[in-house]
Amino acid sequence: MEPAALLDTHGGGTAPEIARMRLKALDITEKEAATNPAYMYWLGVYHQTGMATVKEPARALSWFGKACDGVDPLGCIAAGKALAASSVPADREKARVYVQRACAAGVEDGRTGTAPAAPAPTPVARAPARGCGEIAPGGGYGLAVIVFAGIIGRRRRRRRHAAR
């Protein structure tokens with residue numbers, strides 16, 4: 001919780017003090033967002049909620065996207081959720097990509113809560129999505145077993161060949 005919110009909830013600060021703290025926090029966040037993806041995400045939150053600035057969902061989405069491009073999984077989740085509500089198929093595809101990036105980072109929220117709000121314009125038969133993407137739960141383990149079995153088989157063939 002931000003310090004200004006603590007002052008507000010505990011009744012310890014006046015409205016001007018809280019406003020000054022929020023503006024100072026916004027200023028620091030804007031400066032740090034130039035190089036830090038986590039601050040890009042928080043700047044998106046400021047614009048999404050309208051804290052110390054005007055509510056601008058488009059600008060918030062832009063900052064969430066930049067945070068995701070900078071490999072911040074919270075930015076990926078926020079961008080995915082914002083785009084999933086769109087009725088434009090291209091936006092829903094971008095949402096899917098952002099959610100997959102969050103999943104790749106191991107963030108649990110990237111797997112839930114981001115289903116497109118509007119149905120696809122033309123029904124397409126697809127396999128149901130499971131978890132992060134189209135891989136069935138445990139599907140990654142199958143690939144690991146196949147790779148491991150290939151390595152073991154190669155070693156055995158080398159030993160047999162060397163023994164001859």
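**View 1. The chain runs α-α-α-α-α-α-α from the N terminus on.** This is a predicted model. It holds 7 helices. The strand count is 0.

**View 2. Contacts along the chain.** This view turns to pairs of residues separated by 6 or more positions. Of the contacts they make, 40% join residues that lie 24 or more positions apart.

**View 3. Surface and interior of the chain.** The chain counts 164 residues, and 26% of them are buried. Its accessible surface comes to about 11,100 Å². Carbon and sulfur atoms account for 60% of that surface.

**View 4. Cys-68 and Cys-76 form a disulfide.** A disulfide is a covalent bond between the sulfur atoms of two cysteines. Here the sulfur atoms of Cys-68 and Cys-76 are 2.0 Å apart. The cut-off for a disulfide is 2.5 Å, so this pair qualifies. A search of the whole structure finds 1 disulfide.

**View 5. The S-S bond of Cys-68 and Cys-76 in close-up.** Why is the disulfide right-handed? The torsion about its S-S bond is about 90 degrees, so the disulfide has that hand.

**View 6. The surroundings of the two cysteines.** Are Cys-68 and Cys-76 buried or exposed? Cys-68 has a relative accessible area of 3%. That value is under 20%, so Cys-68 is buried. Cys-76 also has a relative accessible area of 3%. Cys-76 is therefore buried as well. Both ends of the disulfide thus belong to the buried part of the chain.

Note on methods. Residues numbered from 1 in each chain as written. Predicted model: local features only at pLDDT ≥ 70, side-chain atom pairs only at ≥ 80, totals over all residues. Heavy atoms only, no water. Helix = DSSP H or I, 4+ residues; strand = E, 2+ residues; numbered from the N terminus. Buried < 20%, exposed > 50% of the residue type's maximum accessible area, 1.4 Å probe, protein only. Contact = heavy atoms within 4.5 Å. Areas by Shrake-Rupley, 256 points an atom, 1.4 Å probe, with all protein chains shown as cover.
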